[in-house]
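Trainee: Could you walk me through this one before I set anything up?
Mentor: Sure, pull it up and ask away.

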Amino acid sequence: PMLSPKGYRDKQMAVYIQDIRTGKRNRVSVGRGIHGAPAWSPDGTKMALTISANGNPDLYILELRTGILTRLTNDHAIDTEPEWSPDGQAIVFTSDRSGTPQIYRMSINGSEPQRITFKGSYNARPRFPPDGRKLALLHNGDGGYRIAVMELETGQIKVLSKTSLDESPSFAPNGSMILYGTGTSLAAVSIDG
């Protein structure tokens with residue numbers, strides 16, 4: 001199945017799960033405000049998503065079997081773009097709680113979010129490789145929005161792309177390449193640049 005984050009019914013944003021083979025859609029989250037940026041848990045039983053029903057975009061975990069929503073963040077910031085760690089125990093996400101978009105990490109049990117990016121004025125759209133030791137991200141330090149990789153152990157960020165309007169990084173299943181958008185094209189870069 002695939003996630004469809006931008007379904008609209010009765011002027012409300014909703015998140016749907018759509019079976020690719022049958023086309024059957026199942027609405028899993030709908031309500032006032034934003035319901036978007038869905039991310040599957042590694043075991044496929046939960047989904048992290050951004051909901052702004054209370055006026056401010058926060059992160060929630062949706063238990064797909066029961067429909068129970070658990071709120072993870074409760075801040076005056078915009079918290080969005082969640083990504084599960086490969087072991088399913090933590091989430092990284094983009095937040096502007098420091099004044100600019102930066103990446104934060106927290107336990108799915110609700111620990112206080114910890115900022116993990118400090119280089120550059122903009123870091124967003126974090127994505128894990130299968131081994132969970134790095135993050136691909138969209139980084140703006142000097143010269144535009146570029147794809148970068150960050151070593152989680154050291155916090156070192158290495159810019160990989162050379163264009164200036166890049167977006168949406170995603171690791172290949174083997175973790176050796178990053179696929180991303182640049183303008184109207186797709187591009188790939190190895191994690192060593």
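What follows is a short run of questions and answers on strands, core, rings and backbone angles.

Mentor: Ground rules before we start: this is a predicted model, where local features need pLDDT of at least 70, side-chain atom pairs count only at pLDDT 80 or more, and totals for chains, interfaces and linings use all residues. Residues are numbered from 1 along each chain as its sequence is written, and side-chain values use heavy atoms, with hydrogens and water left out.

Trainee: Which strands are the edge strands of the open sheet with the order 4-5-6-7?

Mentor: Strands here are DSSP runs of E with at least two residues, numbered from the N terminus, and two of them pair if DSSP finds at least two bridges between them. The open sheet has four strands with antiparallel pairing. An edge strand pairs on one side only, and that picks out strand 4 (35-40) and strand 7 (69-71).

Trainee: Which residue in strand 7 is the bridge partner of Tyr60?

Mentor: Strand 6 and strand 7 run antiparallel and share three bridges. In one of the pairings, Tyr60 has as its partner in strand 7 Arg71.

Trainee: How many residues make up the largest nonpolar core?

Mentor: A nonpolar core is a set of buried Ala, Val, Leu, Ile, Met, Phe, Trp, Tyr and Cys residues joined through side-chain atoms within 4.5 Å. Buried means under 20% relative accessible area, exposed over 50%, and partly exposed in between, using a 1.4 Å probe and protein chains only. Members here include Leu59, Trp84, Phe93, Tyr104 and Met106. The full membership of this core comes to eleven residues.

Trainee: Which elements give two or more residues to this core?

Mentor: As a general background, nonpolar side chains tend to be buried together in soluble globular proteins. In this core, the elements giving two or more residues are strand 6 (58-63), strand 9 and strand 10 (102-107).

Trainee: Is the pair of Phe93 and Tyr104 stacked or edge-to-face?

Mentor: Rings of Phe, Tyr and Trp (its six-membered ring) pair if their centres lie within 6.5 Å; planes under 30 degrees apart count as stacked, over 60 as edge-to-face and the rest as tilted. A search of the whole structure gives two aromatic pairs. For Phe93 and Tyr104, the centres are 6.0 Å apart and the planes are at 25 degrees, so the pair is stacked.

Trainee: How many residues apart in sequence are the parts tied together by Phe93 and Tyr104?

Mentor: Phe93 counts as buried at 0% relative accessibility, and Tyr104 counts as buried at 5%. Phe93 sits in strand 9 and Tyr104 in strand 10, so their pair links parts that are apart in sequence by eleven residues.

Trainee: What about the rings of Tyr122 and Tyr145: at what angle are their planes?

Mentor: Tyr122 is partly exposed at 23% relative accessible area, and Tyr145 is partly exposed at 31%. Their ring centres are 4.9 Å apart, and the pair is edge-to-face because the planes are at 85 degrees.

Trainee: Where is phi of Arg125, a residue other than glycine?

Mentor: Arg125 is in strand 12 (residues 122-127) and is partly exposed, with a relative accessible area of 23%. Its phi is positive, near 55 degrees.

Trainee: How far is the backbone nitrogen of Gln89 from a polar atom of the side chain of Ser85?

Mentor: Ser85 lies in the loop between strand 8 (79-84) and strand 9 (90-95), and counts as buried at 7% relative accessibility. From a polar atom of the Ser85 side chain to the backbone nitrogen of Gln89, the distance is 3.4 Å.

Conventions:
A polar contact is a pair of N or O atoms within 3.5 Å; within protein, one must be able to donate a hydrogen and the other to accept it, and residues adjacent in sequence count only if both atoms are side-chain atoms.
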